[in-house]
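Colleague: Could you walk me through the charged side chains in this one? I'd like the reasoning along with the answers.
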Amino acid sequence: MTAALALGDDALVLSHRLGEWAGHAPVLEEEVALANIALDLLGQARILLSLVGDEDELAYLREERAFRNLQLVEQPNGDFAQTIARQLCFSTYQRLLYGQLAAGDGEFAPLAAKAVKEVAYHQDHAEHWTLRLGDGTEESHGRMQRGCDALWRFTGEMFQPVEGVDVDWQKLEAGWRESVGAVLERATLTVPEGPQCGAWAAGAGRQGLHTEPFGRMIAEMQHLHRSHPGATW
Amino acid sequence: MATAAAHRTTADAQTGQAEQAAAYEAAFNTAVAADERIEPRDWMPDAYRASLVRQMAQHAHSEIIGMQPEANWITRAPSLRRKAILMAKVQDEAGHGLYLYSAAETLGTGREELLDKLHSGRQKYSSIFNYPTLTWADVGAIGWLVDGAAITNQVPLCRCSYGPYARAMVRICKEESFHQRQGYELLLHLSKGTPEQHAMAQDAVDRWWWPSLMMFGPPDDESAHSAQSMAWKIKRHSNDELRQRFVDIAVPQAEALGLTLPDPDLRWNEERGQYDFGPIDWDEFWDVLKGNGPCNEQRITQRRTAHEEGAWVREAASAYAAKHGKAAA
């Protein structure tokens, strides 16, 4: 139960953030790409939340403290570089996580087998943009580095084991560090030096402790649904 | 002698060119008359080319600006199913914009140039997108009425004389029809829902009905480009014909929805076999077209801001491609 909620909330919240880009992307091709990724994630979220209960009740009627997503995915979009840094960190994690789940025989194996194909595309997209921005102009390099630095302290939470998610967390973390490190190096960027967790934040999102922007995000997301109790849409 | 011969050759060449141009024009006219497609490498009159660029660019711009009123509700969509449908629709619109810019590029213009003309107000987009989406039901009303009007306009364009435009319209119309059904279904669900939902649906239809009728453009006797476009078979039907066709389709659909249309003069005309409808507020139409609609300023500012704030991203992609070869971009 907790496991499906954690993975489902990650996908739901990141999908929402990417949806905020619609109509604001730097090129038309990215309008298509970001919406595409957001849709894939929303699809994953709907399947995962439905394993727990009614998808809409779970998305629209839980309070902030009941959400189990990583703090990383709720971070505001920032500029395009920060969005890409968040995508690189999360899609690399998701690809490795779903890769392991797909190879196992747990309850998430069928879902993971489908999702891992989508997530490989997301990671490829993030990786290519990390290279272009990191190794593009001086300005894009600076922005990409700042994006990575700003999000680094939220990355440690990804490797806090989630009960019911049967993967080798150490292997996941090692694989993630290797993959992200290699992309950053090719992009002429530096692996951030700061800690991967804040002083009391390790595993916080998974326990329902979120950052301040999150409450505002779900206020917007839930407003209409909550204004019409009992209605269907 | 040598000079006289040279003169004669120049004169012959000029006569030759004039004959050739006349032959090209005749071939073009024959092809159009025979309902053949004009393709990018074919000769075409400059005015035909210019008219197509204007219309296709405006069409592409409408897809791109048209993302905004609907994207306005993505983060507030009231169920995950509706949110997915809306996201997919807005994504399709970006894709339609891309097809249409590509089709326009076959006429020797470039996407950058067209976007620049949009941002500087030298090219227009459909006036409908200058109206605001104030409630969730507006998403349904746009799907049903705005996409419905667009389809009525665009289906005949699938037979447009210019091949690349006609082919783009075939692809686009398939997706648009799907969006329209989804919009209709959204409204139907609201109409049959709670009293508050029904009222929300009615209010949206009341606000979008007249602007949708204006999408067909000015009346035939005030339409600057119509006669020439019809002669060239870019357009197949007049603005008023298409508007009438749309009304005739929409009235029974409104009845099926259990919603009314905000026109006291709307009634079936047995003699004509068509619906009569009330006068359109053309002052409002021209005012919106001139830039004074409720959202003109907001729409173009958001588009310009996205473009300007994205400049460093596009520069980075170019710089990276220059360093690593085009294939890497």
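What follows is a short chat about salt bridges and a charged patch.

Modeller: Quick housekeeping: this is a predicted model, where local features need pLDDT of at least 70, side-chain atom pairs count only at pLDDT 80 or more, and totals for chains, interfaces and linings use all residues. Residues are numbered from 1 along each chain as its sequence is written, chains are lettered from A and ligands numbered from 1 in the order in which they are written, and side-chain values use heavy atoms, with hydrogens and water left out.

Colleague: How many salt bridges are there over all chains?

Modeller: The rule asks for a side-chain nitrogen of Lys or Arg within 4 Å of a carboxyl oxygen of Asp or Glu. Over all chains, the count is 23.

Colleague: Which residue forms a salt bridge with A:Arg206, and how many residues apart in sequence are the parts that the pair ties together?

Modeller: The partner is A:Asp10, with the closest N and O atoms 2.9 Å apart. A:Arg206 sits in the loop between helix H8 (169-186) and helix H9 (212-227) of chain A, while A:Asp10 belongs to helix H1 (residues 2-19) of chain A, so the parts tied together are 196 residues apart in sequence. (Helices are DSSP runs of H or I, at least four residues, numbered from the N terminus.)

Colleague: Is A:Asp10 buried or exposed?

Modeller: Buried means under 20% relative accessible area, exposed over 50%, and partly exposed in between, using a 1.4 Å probe and protein chains only. A:Asp10 has a relative accessible area of 2%, so the verdict is buried.

Colleague: Which residue of chain B does A:Glu29 pair with in a salt bridge?

Modeller: A:Glu29 lies in helix H2 (residues 28-52) of chain A and its partner in helix H5 (residues 111-119) of chain B, so the pair joins two chains. The closest N and O atoms are 2.5 Å apart, and the partner is B:Arg111.

Colleague: What is the relative accessibility of B:Asp138?

Modeller: B:Asp138 meets B:Arg207 in a salt bridge at 2.7 Å, N to O. B:Arg207 counts as partly exposed because its relative accessibility is 24%. B:Asp138 counts as buried, so its value falls under the cut-off: 0%.

Colleague: Which residues form the negative surface patch?

Modeller: Patch members have over 30% relative accessible area and no salt bridge, with like charges joined within 9 Å; Asp and Glu count as negative. One member, at 31% relative accessibility, counts as partly exposed: B:Asp220. The full set is B:Asp220, B:Asp221, B:Glu222 and B:Glu241.

Notes:
Patch = residues over 30% accessible without salt bridge, like charges linked within 9 Å, V, L, I, M, F, W, Y side chains within 5 Å. Areas by Shrake-Rupley, 256 points an atom, 1.4 Å probe, with all protein chains shown as cover. Charge placed at Lys NZ, Arg CZ, Asp CG, Glu CD.
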